[in-house]
Amino acid sequence: MAAWEAFRLTTVRHDLRELSRQAARLLVRRIDGEADPADERLVQPTQFVPRATHAPAD
């Protein structure tokens, strides 16, 4: 919807499937008592998607 002509919003794209996998792994580890999510940081690669709401830098 962000790309619809009426909106053309600038967004950030990431892999929802991989994000879901990582969240599920963390949840299972938390249930098994192996991990504390507060102690772990996961970083996902992202892609910047400029559209009409993005202004060029000066």
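Select Arg 21 and Glu 18 to start: they form a salt bridge, and their closest N and O atoms are 3.3 Å apart. A salt bridge here is a side-chain nitrogen of Lys or Arg within 4 Å of a carboxyl oxygen of Asp or Glu. What you have open is a predicted model, in which local features need pLDDT of at least 70, side-chain atom pairs count only at pLDDT 80 or more, and totals for chains, interfaces and linings use all residues. Residues are numbered from 1 along each chain as its sequence is written, and side-chain values use heavy atoms, with hydrogens and water left out.

**Stop 1: the salt bridges**

Keep Glu 18 selected and add Arg 25. Glu 18 forms a salt bridge with Arg 25 too, with the closest N and O atoms 3.9 Å apart. Glu 18, Arg 21 and Arg 25 are thus linked in a network of salt bridges. A search of the whole structure finds 2 salt bridges.

Where do Arg 21 and Glu 18 lie? Both are in helix 1 (residues 16-31), 3 residues apart, which is about one turn of the helix. An α-helix has 3.6 residues a turn, so residues three or four places apart point the same way.

Is Arg 21 buried or partly exposed? Arg 21 counts as partly exposed because its relative accessibility is 40%. The cut-offs are under 20% relative accessible area for buried, over 50% for exposed, and partly exposed in between (1.4 Å probe, protein chains only). Arg 25 has a relative accessible area of 46%, so Arg 25 is partly exposed.

**Stop 2: helix 1 from end to end**

Colour the chain by secondary structure. The chain has 1 helix and 2 strands, and along the sequence they follow the pattern β-α-β. Helices (H or I, at least four residues) and strands (E, at least two) are DSSP runs, numbered from the N terminus.

Now select the C-alpha atoms at the two ends of helix 1. The helix has 16 residues and should span 22 Å at 1.5 Å a residue; its end C-alpha atoms are 22 Å apart, so the two values agree. The expected span is 1.5 Å times one less than the number of residues in the helix.

Next, select Asp 15 and Arg 17. Asp 15 caps the N-terminal end of helix 1, with a side-chain oxygen 3.1 Å from the backbone nitrogen of Arg 17. Then go to Gly 33, which follows helix 1 and has a positive phi, near 80 degrees.

**Stop 3: two glutamines**

Select Gln 22 and Gln 44. Gln 22 is found in helix 1, while Gln 44 is in the loop between helix 1 and strand 2. Their side chains make a polar contact (3.4 Å). A polar contact is a pair of N or O atoms within 3.5 Å; within protein, one must be able to donate a hydrogen and the other to accept it, and residues adjacent in sequence count only if both atoms are side-chain atoms.

Gln 22 counts as buried because its relative accessible area is 15%. Gln 44 is also buried, at 17% relative accessibility.

Show the surroundings of each. Leaving out residues up to four places away in sequence, Gln 44 touches His 14, Asp 15, Glu 18, Leu 19 and Gln 22. Gln 22, with the same residues left out, touches Leu 42 and Gln 44. Contact means heavy atoms within 4.5 Å.

**Stop 4: strand 2**

Select Phe 48, which lies in strand 2 (residues 47-49). Phe 48 is partly exposed, with a relative accessible area of 46%. Which residues does Phe 48 touch, not counting those up to four places away in sequence? They are Thr 10, Thr 11 and His 54. Phe 48 and Thr 10 are 38 residues apart in sequence and 7.9 Å apart in space, C-alpha to C-alpha.

Move on to Val 49, also in strand 2. Val 49 is buried because its relative accessible area is 10%. Apart from neighbours within four places in sequence, Val 49 is in contact with Leu 9, Thr 10, Thr 11 and Arg 13. Measure from Val 49 to Val 12: they are 37 residues apart in sequence and 5.7 Å apart in space, C-alpha to C-alpha.

**Stop 5: the whole chain**

Select everything. Of the 58 residues of the chain, 10% count as buried. Residues 24 or more positions apart account for 70% of the contacts with a separation of 6 or more.

Finally, colour by pLDDT, the predictor's confidence in each residue, from 0 to 100. The chain averages 83, and 86% of the residues score at least 70. Where pLDDT is low, the predicted coordinates should not be read in detail.
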